[in-house]
Amino acid sequence: MTTTVMPALRSPVVRHGAEMLVAMLVGMALLGPLWTPDRVELAALWMATVMSVPMALWMRYRGHGRIFEMCAAMVVPYVVLLVPYWAGLVSADVVEMGGHVLMLPAMAFVLVKYPHAHTEPTTNPVLRFLGDRWPSVLSLAVTIDFWAAPVVPPVWTLLLCQVAYLFWARKAPAVQLVVFGAFVLLGAAVLVVSPDLGVLLIALGWAAHAGWDLVHHVRDAVVPRWWAEGCGVFDLVIAATILMAWF
């Protein structure tokens with residue numbers, strides 16, 4: 001199993017495909033809610049666009065070739081399914097769901113047909129900045145729904161954040177254990193104070209953990225910098241949206 005699966009996971013084709021899938025999901029999360037067309041044709045075109053744009057930007061940032069062909073793999077499945085839809089043979093749901101399903105083998109076809117298609121990575125400063133900040137972009141995409149519908153997560157979720165730091169720092173856990181203990185005390189306080197004050201304490205806890213992420217990001221210590229950046233942005237969004245719900 002190890003000799004056959006692990007090399008496949010390290011394959012550039014598989015890695016590039018995974019990167020593009022993540023970019024597509026980010027586009028769906030960040031751009032998809034901006035417009036909800038009523039017509040099936042427009043909805044299909046919009047879905048293909050919101051997935052293609054971030055994928056194309058990421059491919060340009062990374063220096064992957066065949067961007068046009070890969071974007072076509074996003075659009076063609078919807079076009080193919082619209083023909084039987086116009087003929088009354090399939091429903092709108094089949095077009096929307098089927099487009100998602102068919103684009104995966106279409107992407108795989110492009111990757112296999114052009115496995116070594118590369119160009120020079122972009123030098124555009126805006127694309128470089130956005131590409132270098134991918135952990136922040138990913139965290140914003142994951143938490144975008146929280147701005148529209150703020151939620152107050154249970155206080156124990158803060159402990160899970162610190163458990164991750166304990167995992168990374170298992171060779172030198174003393175400081176991380178102290179911070180973990182501080183969050184345990186915060187959780188205990190939330191349980192005994194009034195509900196309103198408890199919500200405020202939870203928000204402050206998430207904000208404090210964002211500051212803890214910043215310390216690790218600046219020092220480039222304990223956790224990888226991408227983790228500290230992504231976790232910090234995630235924590236800030238949670239803290240801000242909790243305060244929105246609190247006020």
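Buried here means under 20% relative accessible area, exposed means over 50%, and partly exposed is anything in between, with a 1.4 Å probe and protein chains only. By that yardstick Arg66, at 38% relative accessibility, counts as partly exposed. The model is a predicted one, so local features need pLDDT of at least 70 and side-chain atom pairs count only at pLDDT 80 or more, while totals for chains, interfaces and linings use all residues. Residues are numbered from 1 along each chain as its sequence is written, and side-chain values use heavy atoms, with hydrogens and water left out.

Arg66 turns up in two kinds of contact. One is a salt bridge with Glu69, where the closest N and O atoms are 3.0 Å apart; the term covers a side-chain nitrogen of Lys or Arg within 4 Å of a carboxyl oxygen of Asp or Glu. Glu69 counts as partly exposed, at 24% relative accessibility. The other contact is with a ring: Arg66 lies over the face of Tyr114, at 3.9 Å from the ring centre. For a charge to sit over a ring, NZ of Lys or CZ of Arg has to be within 6 Å of the ring centre and within 35 degrees of the ring normal.

Salt bridges number five in the structure. In general, side chains of opposite charge can pair when their charged atoms come close. Arg62 and Glu19 meet in one of these bridges, at 2.7 Å from N to O. That pair links distant parts of the chain, with Arg62 in helix H3 and Glu19 in helix H2, 43 residues apart. Helices are DSSP runs (H or I, at least four residues), numbered from the N terminus. The two partners differ in cover: Glu19 is buried, with a relative accessible area of 17%, whereas Arg62 is partly exposed at 35%. Another bridge joins the side chains of Arg128 and Asp132, at 3.9 Å from N to O. These two are four residues apart in helix H6 (residues 125-132), so about one helical turn separates them. Arg128 is partly exposed at 28% relative accessibility, and so is Asp132, at 34%.

Next come the rings. Seven aromatic pairs are found in the structure, a pair being two rings of Phe, Tyr or Trp (its six-membered ring) with centres within 6.5 Å; planes under 30 degrees apart count as stacked, over 60 as edge-to-face and the rest as tilted. Trp35 and Trp46 have ring centres 5.5 Å apart and planes at 75 degrees, so they are edge-to-face. Trp35 lies in the loop between helix H2 (12-30) and helix H3 (40-62) and Trp46 in helix H3, so the pair ties together parts 11 residues apart in sequence. Trp35 itself is partly exposed, at 41% relative accessibility. Elsewhere, ring pairs link Trp134, Phe167, Trp168, Trp226 and Trp227 into a cluster.

Helix H3 also holds Ser52, which is buried at 8% relative accessibility. A polar atom of the Ser52 side chain lies 2.7 Å from the backbone oxygen of Ala48.

Leu138, in helix H7, is partly exposed with a relative accessible area of 32%. Helix H7 (residues 134-142) gives the most to a nonpolar patch, with three residues.

Terms used: Polar contact = N/O pair within 3.5 Å; in protein donor to acceptor, adjacent residues only side chain to side chain.
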